[in-house]
Each structure stands twice: as C-alpha cells, then as structure tokens.
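Here is a friendly tour of a protein model for someone new to reading structures. Keep the picture beside you and look for each residue as it comes up.

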Amino acid sequence: PQFLIGTAVIAVLALMALVPQLFTRIDPRQCDLARSRRPPSAEAWFGYDVQGCDYYANVIYGARSSISVGLIVVGGALVIALVLGAI
C-alpha cells in the first residue's frame, strides 16, 4: 500500500508539472496590486503576495521547474555512477 500511495503522489506531481492548466485556471504572471496581500479565500487558496500574484498558481507552475531540476540531478548522478562503476 505504501508503494501505491507514493506512486500516486508522484503521478499527480508529474501531471501537475506537465499540464498545470488542469489544476489552476489562473495565469501566475497575472498580478494585480489591488489584491496585494489578500488572505486565502475560495478564489485564491493560498492567498496573494505583495505584488498581487496568486501563490497557488505560482506553486503549480513552479512544479515544472522543480521536477526538471530533480530529473537532471538524478540523470547526472546516474551517469557518474555508471562511469565510476565501470571503472
């Protein structure tokens, strides 16, 4: 069961990184100073930052960068391990 739960979480995170439009309809670059520092609500689950940008949209769209960096690091470690293991 723990393997299935972990696999489901990874699958959701990968889906979030590949297709962020499924998880939020708000463009993270759409900022409005009138919404600056508003608390969480039904329209913005995490609230707004100082510039009026939605935190939730930034988190969803930031998942792509995080997953990309993780895959690059794992790939680099794999290459180093293969070279050192072959030596």
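**A first look at the model**

Start with M16: leaving aside neighbours within four places in sequence, M16 is in contact with F23, I60 and A63. Please bear in mind that this is a predicted model. Two of those partners, I60 and A63, join M16 in the largest nonpolar core. From there we can move on to the second helix, the disulfide and the loop between the helices.

**The nonpolar core**

- Five residues make up the largest nonpolar core: M16, A17, Y56, I60 and A63.
- Two elements, α1 (2-18) and α2 (55-86), each give two or more residues to this core.
- The largest share comes from α2, with three residues.
- As general background, nonpolar side chains tend to be buried together in soluble globular proteins.

**Helix α2**

- Helix α2 has 32 residues, and from its first C-alpha to its last it reaches 46 Å.
- That span is close to the 46 Å expected at 1.5 Å a residue.
- If you follow α2 along its length, you will find a bend of about 30 degrees at G62.
- Which residues of α2 are buried? They are Y56, A57, I60 and A63.
- Some of these positions are three or four places apart, so a general rule helps here: an α-helix has 3.6 residues a turn, so residues three or four places apart point the same way.
- What covers the buried residues of α2 includes α1.
- L71 also has its place in helix α2, but L71 counts as exposed because its relative accessibility is 59%, and exposed means over 50%.
- L71 and T7 are 64 residues apart in sequence, and their C-alpha atoms are 16 Å apart in space.

**The disulfide**

- The structure holds one disulfide, and this disulfide joins C31 to C53 with an S to S distance of 1.7 Å.
- The pair links distant parts of the chain, 22 residues apart, although C31 and C53 are both placed in the loop between α1 and α2.
- Why is the disulfide of C31 and C53 called right-handed? The torsion about its S-S bond is about 95 degrees, so the disulfide is right-handed.
- Is C53 buried or exposed? C53 counts as buried because its relative accessibility is 6%, and the cut-off for buried is under 20%.
- C31, at 38% relative accessibility, counts as partly exposed, because that value falls in between the cut-offs of 20% and 50%.

**D54, at the start of α2**

- D54 lies in the loop between α1 and α2.
- With a relative accessible area of 3%, D54 is buried.
- What does D54 touch, not counting residues up to four places away in sequence? The answer is I26, A44, G47 and Y48.
- At the start of α2, a side-chain oxygen of D54 reaches to within 3.3 Å of the backbone nitrogen of Y56.
- Y56 is also a member of the largest nonpolar core, so you can find both of these features around one residue.
- D54 and D32 are 22 residues apart in sequence, and 9.4 Å separates them in space, C-alpha to C-alpha.

**R37, an unusual backbone angle**

- R37 has its place in the loop between α1 and α2.
- The phi of R37 is near 60 degrees, which is a positive value in a residue other than glycine.
- For comparison, most residues other than glycine have a negative phi.
- R37 counts as exposed because its relative accessibility is 61%.

Conventions
Residues numbered from 1 in each chain as written. Predicted model: local features only at pLDDT ≥ 70, side-chain atom pairs only at ≥ 80, totals over all residues. Heavy atoms only, no water. Core = buried A, V, L, I, M, F, W, Y, C linked by side-chain atoms within 4.5 Å. Buried < 20%, exposed > 50% of the residue type's maximum accessible area, 1.4 Å probe, protein only. Helix = DSSP H or I, 4+ residues; strand = E, 2+ residues; numbered from the N terminus. Contact = heavy atoms within 4.5 Å. Disulfide = S-S within 2.5 Å. Expected span 1.5 Å × (residues − 1). Bend = angle between axes of the 7 residues up to and from the residue. Polar contact = N/O pair within 3.5 Å; in protein donor to acceptor, adjacent residues only side chain to side chain.
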